[in-house]
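Reader: Please walk me through this structure, one question at a time. Begin with the terms, then go to the contacts.

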Number of protein chains: 2
Amino acid sequence: MDIKNELSMEKAILETAENMFLNKGFAATSTTQIAKEVGCNQALVHYYFRTKENLFNVIFEQKFKLFFQNAFDAGNLDNLKFTDKLKYIIETHFDILSNNPRLPVLIINELARQPHQIEILRDKLRMIPELLFKKLNEELRLEIEQGRIRDVNLMDLLISLISLNVSLFIFMPIIETVLLMDETQKEFLIKHRRAENVEFILKSLRP
Amino acid sequence: MDIKNELSMEKAILETAENMFLNKGFAATSTTQIAKEVGCNQALVHYYFRTKENLFNVIFEQKFKLFFQNAFDAGNLDNLKFTDKLKYIIETHFDILSNNPRLPVLIINELARQPHQIEILRDKLRMIPELLFKKLNEELRLEIEQGRIRDVNLMDLLISLISLNVSLFIFMPIIETVLLMDETQKEFLIKHRRAENVEFILKSLRP
DNA sequence: AAGTAATTTAATAGTGCTATTAATTTAGTA
DNA sequence: TACTAAATTAATAGCACTATTAAATTACTT
């Protein structure tokens with residue numbers, strides 16, 4: 001609490017709430033618990049954020065934006081050849097997930113709880129990937145024409161890419177328990193899968 | 001309710017509860033809501049299942065067993081060559097998921113809520129896949145030795161397989177909203193990804 | 001048809017949660 | 001130092017939920 005008091009209460013509440021929402025989801029987290037964890041009065045949570053719903057949305061939107069902005073930022077890769085660019089995208093996407101391992105589950109659950117949020121999200125999402133998508137697709141078609149890559153849809157490629165990357169973090173709690181892994185082994189697996197996903201995808205794309 | 005009354009109340013409660021737990025998770029589902037949906041008194045839910053926790057566990061264990069028994073039953077495939085066997089496993093696994101599309105999210109959430117359940121699960125799981133794993137691994141090593149498949153771990157192959165299959169159903173609610181898909185398009189995508197996952201994996205395994 | 005067990009309901013105790021209000025404390029300013 | 005705004009707390013209204021109990025109803029058996 002001393003540590004927390006050095007920061008502003010508002011931020012402390014935000015951070016604690018973020019952790020609790022990520023770990024236990026919206027329904028299983030109460031403002032009472034958040035306050036207890038922070039070490040402040042429960043009314044204070046409502047003083048700053050008015051409602052639990054609102055507190056959640058502040059966190060959700062912020063995390064969500066951060067996540068998608070970074071995860072699908074292809075950067076300045078114009079000088080790279082297609083497979084290297086793809087490798088970069090896979091690895092960057094993987095690393096973002098690695099820094100936000102619980103976020104996918106939160107997103108999945110929140111969108112199940114409030115389906116209309118998906119539509120809001122859709123509009124926000126449209127801009128970012130459409131540009132990347134168009135450009136990547138042209139390059140992919142060219143690679144295919146020139147026989148350097150087998151015939152494949154970009155959409156399918158992206159679904160596979162995201163699937164491979166995201167699943168590891170979704171299933172990590174299960175994997176580490178079932179296989180009785182310690183921290184070192186966990187880190188090793190993550191590092192290993194990062195490379196494996198790249199290899200798996202690139203090998204699959206060979207003509 | 002008339003329809004429900006023809007069955008036993010107990011089963012009606014079980015089925016309704018199953019749907020609600022699958023759709024909204026444990027915390028966001030109440031025995032009051034279940035009873036309202038079934039059309040019976042709320043106390044009846046507790047009469048048959050004593051506690052909400054217990055009701056959930058009954059459903060969870062039943063679903064879980066059913067799921068894993070089927071999903072990793074390689075059947076009598078001894079006469080098939082490795083890639084055909086693999087194809088069969090991918091497709092069977094996919095089909096089980098297709099019939100239980102919401103189950104993965106339920107499992108992920110439940111295991112986050114009660115981490116010790118993973119350990120219980122681990123012991124139950126051990127038997128089923130270990131046999132399959134050993135056998136498959138031998139065959140895979142043989143294929144690699146004989147140059148028909150590139151060098152790859154069975155564990156990595158299985159993680160990729162499960163990732164590709166499961167993710168589609170986890171993300172389906174998002175995909176269909178973002179891409180504005182109707183029922184027909186949804187079915188098409190599922191059918192398409194079923195084949196695509198097989199192709200993606202098999203192409204990747206080429207030496 | 002009477003008696004017994006199983007099923008179902010009504011009522012409610014007890015708990016924890018969200019949100020609000022008014023009072024109190026703290027910090028900042030003139 | 002006195003005044004004002006911001007931050008924090010205490011108290012509580014009001015609600016929904018879980019679980020239990022006792023009463024009522026239905027089904028079953030002899």
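Author: A polar contact is a pair of N or O atoms within 3.5 Å; within protein, one atom must be able to donate a hydrogen and the other to accept it, and residues adjacent in sequence count only if both atoms are side-chain atoms. This is a predicted model, in which local features need pLDDT of at least 70, side-chain atom pairs count only at pLDDT 80 or more, and totals for chains, interfaces and linings use all residues. Residues are numbered from 1 along each chain as its sequence is written, chains are lettered from A and ligands numbered from 1 in the order in which they are written, and side-chain values use heavy atoms, with hydrogens and water left out.

Reader: Which residue has a side-chain N or O atom 3.1 Å from a base nitrogen of DNA strand D?

Author: Two other contacts to DNA strand D go to phosphate oxygens: one at 2.8 Å from an N or O atom in the side chain of A:Tyr48, and one at 2.9 Å from a polar backbone atom of B:Lys52. The contact to a base nitrogen, at 3.1 Å, comes from the side chain of B:Gln42.

Reader: Which element gives the most residues to the surface near DNA strand D?

Author: A residue is near a strand if one of its heavy atoms lies within 4 Å of it. By that rule 17 residues surround DNA strand D, the closest being A:Asn41, A:Tyr48, B:Thr31, B:His46 and B:Lys52. Helices (DSSP runs of H or I, at least four residues) and strands (runs of E, at least two) are numbered from the N terminus. With four residues, the element that gives the most is α4(A).

Reader: How much of the part of DNA strand D within 4 Å of the protein is sugar or phosphate?

Author: The protein side of this contact divides into seven nonpolar, nine polar and one charged residues. Here Ala, Val, Leu, Ile, Met, Phe, Trp, Tyr, Cys and Pro count as nonpolar, Asp, Glu, Lys and Arg as charged, and the others, Gly among them, as polar. On the DNA side, bases make up the rest of the atoms of strand D within 4 Å of the protein, and the sugar or phosphate part is 65%.

Reader: What share do sugar and phosphate have in the atoms of DNA strand C that come within 4 Å of the protein?

Author: Around DNA strand C there are 16 residues, and the closest are A:Thr31, A:His46, A:Lys52, B:Asn41 and B:Tyr48. Of the atoms of DNA strand C within 4 Å of the protein, the sugar and phosphate share is 62%.

Reader: Which residue places a polar side-chain atom 2.8 Å from a phosphate oxygen of DNA strand C?

Author: Chain A makes a base contact through the side chain of A:Gln42, 3.1 Å from a base nitrogen of DNA strand C. A backbone N or O atom of A:Lys52 is 2.9 Å from a phosphate oxygen of that strand. The polar side-chain atom at 2.8 Å from a phosphate oxygen belongs to B:Tyr48.

Reader: From which element comes the largest share of the surface near DNA strand C?

Author: At least two residues each are supplied by α3 (31-38) and α4 of chain A and by α4 of chain B. By class, this surface has seven nonpolar, eight polar and one charged residues. The largest share, four residues, comes from α4(B).

Reader: How much area do chain A and chain B bury between them?

Author: Contact means heavy atoms within 4.5 Å, and 44 residues of chain A are in contact with 43 residues of chain B. Buried area is the accessible area (1.4 Å probe) that two parts lose on being put together, summed over both. Carbon and sulfur atoms carry 66% of the area between the two chains, and the total is about 3,800 Å².

Reader: Which residue pairs with A:Arg150 in a salt bridge?

Author: A salt bridge is a side-chain nitrogen of Lys or Arg within 4 Å of a carboxyl oxygen of Asp or Glu. The rule finds four of them across the interface of chain A and chain B. In one, at 3.8 Å from N to O, the partner of A:Arg150 is B:Glu199.

Reader: Which element gives the largest share of the side of chain A that touches chain B?

Author: Across this interface there are 17 residue pairs in polar contact, both residues at pLDDT 80 or more. The elements of chain A that give two or more residues are α7 (103-113), α8 (116-145), α9 (154-178) and α10 (183-205). The largest share, 15 residues, is that of α9(A).

Reader: Which residue of chain A forms a salt bridge with A:Lys63?

Author: Chain A is divided into domain 1 (2-50) and domain 2 (60-205), with bounds from an automatic or database domain assignment. Domain 1 and domain 2 of chain A bury about 550 Å² between them. Across their interface the rule finds one salt bridge. With the closest N and O atoms 3.4 Å apart, the partner of A:Lys63 is A:Glu18.
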